[in-house]
Amino acid sequence: MDLFWLVQQNLVKCCFPEIKLSTIAVAGMLLRAVFIIWQGVLIAKIIIEEYQNRTIALLFRYPIDRAKLIYAKIAVIFGSMFAFYILSSIFQHISIFY
């Protein structure tokens, strides 16, 4: 006898709680997964590609601290991702509930 059969027959209580997911929860998880991947792509595109193409050297010639430039780029990425996440969540709730 395996553990799965015993749990199905209610002979053994499993240590994992029963999971009930709603449509909104699944859609929210998919939305967050897509935005995490998209954020990684944006970071690679905006920051890493500048180092590969050597265009960051031109940007570093300006009299601004390098750390501030990188932090500003990351802040723009996170800010835009947050705005897009809020807008898509609003659109998702409107499309589900109305």
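Modeller: Helices here are DSSP runs (H or I) of at least four residues, numbered from the N terminus. By that count, Leu 59 lies in helix 3, which covers residues 56-60. Bear in mind that this is a predicted model.

Colleague: Thanks! How many helices and strands does the chain come to?

Modeller: The secondary structure amounts to four helices and zero strands. Going along the sequence, the pattern reads α-α-α-α.

Colleague: And what share of the residues counts as buried?

Modeller: Of the chain's 98 residues, 17% are counted as buried.

Colleague: What about contacts between residues well separated in sequence, say at least 24 apart?

Modeller: Take the contacts between residues at least 6 apart in sequence: 64% of them join residues at least 24 apart.

Colleague: Let's look at helix 2 and helix 4. At what angle do they cross?

Modeller: Their axes cross at roughly 155 degrees and come within 10 Å of each other. Helix 2 spans residues 23-52, and helix 4 spans residues 66-97. Angles over 145 degrees count as roughly antiparallel, so helix 2 and helix 4 are roughly antiparallel to each other.

Colleague: Is that crossing left-handed or right-handed?

Modeller: Helix 2 passes helix 4 in a right-handed crossing. Sorted by class, the residues in this contact are 19 nonpolar, six polar and three charged.

Colleague: Which residues could I click on to see the two helices touching?

Modeller: Try Ile 24, which is in helix 2. Apart from residues up to four places away in sequence, Ile 24 touches Gln 92, His 93, Ile 96 and Phe 97. Ile 24 and His 93 are 69 residues apart in sequence, yet their C-alpha atoms are 8.1 Å apart in space.

Colleague: How accessible is Ile 24?

Modeller: Ile 24 has a relative accessible area of 29%, so it counts as partly exposed.

Colleague: And Gln 92, is that one buried or exposed?

Modeller: Gln 92 counts as buried, at 11% relative accessibility. You'll find Gln 92 in helix 4, and with residues up to four places away set aside, it touches Ile 24, Ala 27, Gly 28 and Leu 31.

Colleague: Switching topic: how many aromatic pairs does the structure hold?

Modeller: There are three aromatic pairs. One of them is Phe 35 with Tyr 85, an edge-to-face pair with 5.8 Å from centre to centre and 80 degrees between the planes. Phe 35 is in helix 2 and Tyr 85 in helix 4, so this pair ties together parts that are 50 residues apart in sequence.

Colleague: How accessible are those two, Phe 35 and Tyr 85?

Modeller: Phe 35 is buried, with a relative accessible area of 11%. Tyr 85 counts as partly exposed, at 25% relative accessibility.

Colleague: What kind of aromatic pair do Trp 38 and Phe 84 form?

Modeller: Trp 38 and Phe 84 form a tilted pair: 5.4 Å centre to centre, with 40 degrees between the planes. Trp 38 belongs to helix 2 and Phe 84 to helix 4, so this pair ties together parts that are 46 residues apart in sequence. Trp 38 counts as partly exposed at 35% relative accessibility, and Phe 84 is also partly exposed, at 42%.

Colleague: Which residues do the ring pairs link into a cluster?

Modeller: The cluster links Phe 35, Trp 38, Phe 84 and Tyr 85.

Colleague: Back to Leu 59 from the start. What does it contact?

Modeller: Setting aside neighbours within four places in sequence, Leu 59 contacts Glu 50, Leu 69 and Lys 73. Leu 59 and Leu 69 are ten residues apart along the chain, with 8.5 Å between their C-alpha atoms. Leu 59 itself is partly exposed, with a relative accessible area of 22%.

Colleague: And where is Glu 50?

Modeller: Glu 50 is found in helix 2. Buried means under 20% relative accessible area, and Glu 50 has 18%, so it is buried. Besides neighbours within four places in sequence, Glu 50 is in contact with Thr 55, Ile 56, Leu 59 and Lys 73.

Colleague: One last spot: what is the phi of Arg 54?

Modeller: Arg 54 has a positive phi of about 60 degrees, although it is not a glycine. Look for Arg 54 in the loop between helix 2 and helix 3. Arg 54 is exposed, with a relative accessible area of 69%.

Key. Residues numbered from 1 in each chain as written. Predicted model: local features only at pLDDT ≥ 70, side-chain atom pairs only at ≥ 80, totals over all residues. Heavy atoms only, no water. Axes fitted to C-alpha atoms, helices over the stretch in contact; angles between N-to-C directions. Parallel < 35°, antiparallel > 145°, perpendicular 65-115°, else oblique. Left-handed = near helix turned anticlockwise from the far one by under 90°. Nonpolar A, V, L, I, M, F, W, Y, C, P; charged D, E, K, R; others polar. Buried < 20%, exposed > 50% of the residue type's maximum accessible area, 1.4 Å probe, protein only. Contact = heavy atoms within 4.5 Å. Phe/Tyr/Trp six-rings, centres within 6.5 Å; stacked < 30°, edge-to-face > 60°.
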